[in-house]
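I sat down with this one to get my bearings, and kept notes as I went. Here is what I looked up, entry by entry.

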Amino acid sequence: MISEFQGLLEAARGQTEPQRLLFVFARAELPEDATPEQRRRFDRGQGGTLAPVMFVDKKTDEIQSFAELVEESRHMGQHWDVVFVGCLGGQGSREPSDEATQQALEAMIKSIQGGIVSHLLAYRADGEQLQFG
């Protein structure tokens with residue numbers, strides 16, 4: 001099981017087929033019709049929903065560390081709380097196509113919007129890995 005981001009990078013680089021890392025950045029939000037109890041929980045850092053705010057893909061040689069990813073994301077000007085990470089493998093020594101990459105990112109976004117995230121790795125901006133049941 002991969003627990004640290006650096007381990008993910010090493011695992012992706014060690015694959016026989018070229019890989020693209022897929023990142024979807026999400027912000028914690030509270031629905032407008034939230035109850036007072038939901039608001040209190042949210043204020044304590046619990047509950048709410050995760051709404052995708054931006055995404056990017058990277059070849060394994062385009063990223064060296066989690067700190068680099070965070071720094072790059074800050075230049076985009078969007079606040080985020082969690083980054084979800086997926087990986088897309090190529091075929092026959094060819095990298096995944098741009099079209100396949102875009103489709104995979106769109107599928108990740110829909111999955112996150114639907115609350116189906118247990119198959120994805122997730123990290124807070126401080127690098128702590130999150131577990132979703």
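**Entry 1: the pocket**

I began with the largest pocket, which holds about 510 Å³ of space. I should say at once that I am working from a predicted model.

Which residues lie nearest the centre of the largest pocket? I found Ala28, Gly47, Thr49, Leu50 and Val82 there, out of 24 lining residues.

Next I sorted the lining by character: 13 residues are nonpolar, 9 are polar and 2 are charged. Then I checked where the lining comes from. S2, S3 and helix H4 (98-113) each give at least two residues. The largest share is that of S2, with 4 residues.

**Entry 2: the sheet**

With S2 and S3 already on my page, I wanted the whole sheet. In what order do the strands of the open sheet come? I wrote down S2-S1-S3-S4-S5, 5 strands with antiparallel pairing. S2 and S5 (129-130) are the edge strands, each pairing on one side only.

A reminder to myself: backbone hydrogen bonds are what pair the strands of a sheet, in either a parallel or an antiparallel way.

**Entry 3: strand S1 and its two partners**

I took S1 (residues 19-29) next. Is S1 largely enclosed or largely open? Buried means under 20% relative accessible area. By that cut-off 8 of its 11 residues are buried, so S1 is largely enclosed by the rest of the structure.

On one pairing, S1 runs antiparallel to S2 (residues 49-59) over 10 bridges. I picked out Leu21 as an example and found it opposite Lys58 of S2.

S1 also pairs with S3 (residues 82-89), again antiparallel, over 8 bridges. Here I followed two positions: Phe23 has Val85 as its bridge partner in S3, and Phe25 has Val83.

**Entry 4: on to S4 and S5**

Val83 turned out to be a handy stepping stone. Which residue of S4 stands opposite Val83? I found Tyr123. S3 and S4 are joined in the antiparallel sense by 4 bridges.

From S4 (residues 121-124) I moved to S5, where 2 bridges hold an antiparallel pair. Ala122 stands opposite Leu130 of S5.

**Entry 5: helices on the sheet**

Helix H3 (residues 66-74) packs on the sheet and touches S1, S2, S3 and S4. I noted its direction at about 55° to that of S1.

Then I looked at helix H1 (residues 5-13), which lies across S1, S3 and S4. H1 runs at about 150° to S1.

**Entry 6: Val53, back in S2**

I returned to S2 to look at one residue in it, Val53. Which residues does Val53 touch, leaving aside neighbours within four places in sequence? I listed Phe25, Ala26, Arg27, Gln78, His79 and Trp80. Phe25 was already in my notes as the partner of Val83 in S3.

Val53 has 21% relative accessibility, and since buried means under 20%, I have to call Val53 partly exposed. I also checked its spacing to Ala122: 69 residues apart along the chain, with C-alpha atoms separated by 15 Å.

**Entry 7: two loop residues**

His75 sits in the loop between H3 and S3. Is His75 buried or exposed? The cut-off for exposed is over 50%, and His75 has 62% relative accessibility, so I put it down as exposed. Its C-alpha is 14 Å from that of Ala125, which is 50 residues away along the chain.

Ser93 is in the loop between S3 and H4. What caught my eye is its backbone: Ser93 has a positive phi of about 70°, although it is not a glycine. With a relative accessible area of 60%, Ser93 is exposed too.

**Entry 8: a last look at H2**

I had not yet visited helix H2 (residues 36-43), so I chose Glu37 in it. Glu37 comes out as partly exposed, because its relative accessible area is 38%. I finished with the spacing between Glu37 and Phe132: 95 residues apart in sequence, and 22 Å apart from C-alpha to C-alpha.

Note on methods:
Residues numbered from 1 in each chain as written. Predicted model: local features only at pLDDT ≥ 70, side-chain atom pairs only at ≥ 80, totals over all residues. Heavy atoms only, no water. Buried < 20%, exposed > 50% of the residue type's maximum accessible area, 1.4 Å probe, protein only. Pairing = 2+ DSSP bridges. 1 Å grid on protein atoms, 1.4 Å probe; cavity = no way out; pocket = protein on both sides within 12 Å on 5 of 7 lines; lining within 4 Å. Points joined across faces, edges and corners; volume = space filled by probe spheres on them. Nonpolar A, V, L, I, M, F, W, Y, C, P; charged D, E, K, R; others polar. Contact = heavy atoms within 4.5 Å. Axes fitted to C-alpha atoms, helices over the stretch in contact; angles between N-to-C directions.
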